[in-house]
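The following exercises concern one protein structure. Each gives a task and then a worked solution that proceeds step by step.

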Amino acid sequence: MEVVGRLILLTLLISSCLADLNLTESEAKSNCTASLGGASMSDVHKAMILQLNPDENCTWAIERPENNGIRIIFSHVELDPDGSCESENIKVFDGTSTKGPLLGTVCSKNDYVPVFESSSNRLTFQIVTDPAVIQRSVFLFYYFFSPGTPIPGCGGYLDAFEGSFTSPNYPQAHPELAYCVWHIQVEKDYKIKLNFKEIFLEIDEYCRFDFIAVYDGPSTDSGLIAQVCGLKKPTFESSADSLTVVLSTDYANSYRGFSAFYTSIYAENVNTTSLTCFSDKMRVILSKSYLESFNYSENNLLLNDPACRPKVSNVVEFSIPFDGCGTIKEAEDYSITYTNIITVTPSSTSEVITRQKRLQIVVKCEMENNSTMEIMYITEDDIIQIQSALGRYNTSMAFFESSSFEKPVLESPYYVDLNQTLFVQASLHTSDPDLVVFLDTCQASPTSDLAPPTYDLIRSGCIHDDTCKVYPLSGHHGRFQFNAFKFLRSVSSVYLQCKILICSSNDPQSRCNQGCVSRRKRDISSYKWKTDSVIGPIHLKRDRSASGNSGLQHQLPAEESQNQPFNSLHLFSFMALALNVVMVATVTVRHYVNRRTDYKYQKLQNH
């Protein structure tokens, strides 16, 4: 047996060594054909055309002594279109071997131009192909760069309604080894139309060397719209409100680059007019064809404040703030109404007659209870049209680290100590400076749906908890603090719900200015708007490790356990009964075994 054991140990040792040898050979193996580069993988930059065979496993390691990053770009990839990403792929690793962190995987299913950057001066990539006999080709180039030395004018963020941008140094030759990314973001409900006035890059059928990549979304992980180069003037359109543009250049043949401009396009079809009320403004959309039917254009439109002008794209848009552009605010018993008027002035050449219809558009946003009613009156001489929709004030509630209310708590759940002081702020997001937030009622519950049991911290503006403190009215913020607690016979989670009242700050008789009142007095006082806001959960820090085990039962407090003698007696009786059952079973099994002492186990022979 000792000899057999040593043979088994020796076999395992030889197998382990062979596995390490095979791994080393696999990583060093390279049957791929590389060209267009120097003889060393430590060059400052290098391009490679790889013609790949079936069942291949090729690995390259890139390294230089300088402490620079490495950027590798796979600008043209032809892999098995029917193969899976698991069986045929290119993997890029951060470091000198395939054991380093995986930066990403490239396969035939990718809808973008793969670009990877190392965190140091070492990078490894591995190409594996499946058994299919097809033509495969990969073009890549890499170069070393210093992340701390950006190229002026190379990329940026564009968030205006319209704008323009160019490649660095335009119209002079673009820089070598540049990778520039422009992120374009416009308003919600708009799309982006991108026009290239000029593209002058190195000409190549597959745009492998210098190219522009346009992505339909906020990043280079979004869907690729096009990869272009050469001499072109293309136009692209996004499907939503964001677009990403990339310029990538190699180390040779620099030309003028590109010049581009973009505009916003309203995504929805508007036949006449459209009104939307937000928490701090109203947005009016007018169709150009509708204005043209009256022989008008955007130049004929004026608000109450003529200095406020519309934005013009495929539609005419007025973005009218509640606290500007001549907007009139009217506060009634239970509502606040914001009104403005768009007047269409005829561009008549005569002071006596006109052949154009008079057009006046009265827009109103009425904030009432939990909704926003939008009303638009359009008068064409004696014709009145009315449009309406629904919306909401935008409110939120958050925990803060201290009584200064400067740093919000970002973690969720929020782990706290029992009796720790917590700071809560409810906020109204609006540009109207004449509104104030009041905390009418704040309740706590162990569940997010605020099901019983509940505990009142604030009720009708009155403090119901000894540790609770409500801060004075502070414009668009309602603030209070209390000490953390947990519910008995329940999980350790605590959720808060606050009923928020919004009043006019100029009304001394409003509900917000009356503070703590009785229910009878509260019923006759006025507020302009109300809503509910929920925040949570809060967890005790000692429950952090057990938070993932919802099946654990919670132990009762000691004082409760002492008051339950009846339950303890039942438990003792049950344990005694179980012990008797075990003893009887043991005696029975032993008797049965003794009767079979003549039976022995026999090892079966192998056949």
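The residue I212 is buried, with a relative accessible area of 0%. The model in which this value was computed is a predicted one.

**Exercise 1. The surroundings of I212**

Locate I212 in the secondary structure and identify the residues that it contacts beyond four places in sequence.

*Solution.*
Step 1. I212 belongs to strand 13, and that strand covers residues 211-216.
Step 2. The relative accessible area of I212 is 0%, and buried means under 20%, so I212 is classed as buried.
Step 3. With neighbours within four places left aside, the contacts of I212 are F196, I199, L201, A226, Q227, V228, V245, V246, L247 and F258.
Step 4. The C-alpha atom of I212 is separated by 6.3 Å from that of C229, which is 17 residues away along the chain.

**Exercise 2. From C229 to C207**

Determine whether C229 is buried or exposed, and list what C229 touches.

*Solution.*
Step 1. C229 sits in the loop between strand 14 (223-228) and strand 15 (231-232).
Step 2. The relative accessible area of C229 is 4%, so this loop residue falls under the 20% limit and counts as buried.
Step 3. Not counting residues up to four places away, C229 touches I199, L201, E202, D204, C207, D210 and F211.
Step 4. A further C-alpha distance, 9.8 Å, separates C229 from L247, 18 residues apart along the chain. L247 is also one of the contacts of I212.
Step 5. C207, one of the residues touched by C229, lies in the loop between strand 12 (190-200) and strand 13 (211-216). C207 is itself buried, with a relative accessible area of 5%.

**Exercise 3. Backbone geometry in loops**

Which phi values do C207 and N253 have, and what is the state of the peptide bond from Y170 to P171?

*Solution.*
Step 1. Most residues other than glycine have a negative phi, and most peptide bonds are trans.
Step 2. Phi of C207 is near 50°, which is positive although the residue is not glycine.
Step 3. N253 likewise has a positive phi, near 60°, and is not glycine. N253 is in the loop between strand 17 (242-248) and strand 18 (257-266).
Step 4. The accessibilities are set side by side: C207 is buried at 5%, whereas N253 is partly exposed at 41%.
Step 5. The peptide bond from Y170 to P171 is cis, with omega near 5°. P171 is placed in the loop between strand 10 (162-166) and strand 11 (179-185).

**Exercise 4. Two buried strand residues**

Describe the positions of V284 and S445.

*Solution.*
Step 1. V284 is part of strand 20 (residues 281-287) and is buried, at 0% relative accessible area.
Step 2. The C-alpha atoms of V284 and V363 are 8.1 Å apart, with their positions 79 residues apart along the chain.
Step 3. S445 is part of strand 32 (residues 435-445). Its relative accessible area is also 0%, and S445 is buried.
Step 4. Beyond four places in sequence, S445 contacts L450, A451, P453, T454, F487, S493, V494 and Y495.

**Exercise 5. Nonpolar cores**

Which members of the largest nonpolar core touch the most other members?

*Solution.*
Step 1. The largest nonpolar core has 54 residues, and F480 and F482 touch the most other members.
Step 2. Beyond four places in sequence, F482 touches Q420, T421, L422, V424, L457, T467, C468, L496 and I538.
Step 3. A second, separate core has 44 residues, including F141, F161, Y190 and F211. F211 is also among the residues touched by C229.

**Exercise 6. A pocket and the whole chain**

Characterise the second largest pocket and summarise the protein chain.

*Solution.*
Step 1. The second largest pocket holds about 250 Å³ of space.
Step 2. Its lining consists of R71, E117, Y143, F145, S146, P147, T149, P150, I151, C154, L177 and Y179.
Step 3. By class, this lining comprises 8 nonpolar, 2 polar and 2 charged residues.
Step 4. The protein chain has 5 helices and 38 strands, and 42% of its 607 residues count as buried.
Step 5. Among contacts in the chain with a separation of 6 or more, 71% join residues 24 or more positions apart.
Step 6. The chain exposes about 33,400 Å², of which carbon and sulfur atoms supply 52%.

Note on methods. Residues are numbered from 1 along each chain as its sequence is written. This is a predicted model: local features need pLDDT of at least 70, side-chain atom pairs count only at pLDDT 80 or more; totals for chains, interfaces and linings use all residues. Side-chain values use heavy atoms; hydrogens and water are left out. A nonpolar core is a set of buried Ala, Val, Leu, Ile, Met, Phe, Trp, Tyr and Cys residues joined through side-chain atoms within 4.5 Å. Buried means under 20% relative accessible area, exposed over 50%, partly exposed in between (1.4 Å probe, protein chains only). Contact means heavy atoms within 4.5 Å. On a 1 Å grid over the protein atoms alone, a cavity is a set of points where a 1.4 Å probe fits but cannot get out, and a pocket is an open set with protein on both sides within 12 Å along at least five of seven lines; lining residues have an atom within 4 Å of a point. Grid points are joined across faces, edges and corners, and a volume is the space filled by probe spheres set on the points. Ala, Val, Leu, Ile, Met, Phe, Trp, Tyr, Cys and Pro count as nonpolar, Asp, Glu, Lys and Arg as charged, and the others, Gly among them, as polar. Helices (H or I, at least four residues) and strands (E, at least two) are DSSP runs, numbered from the N terminus. Accessible areas come from the Shrake-Rupley method with a 1.4 Å probe; for residues, only the protein chains shown count as cover.
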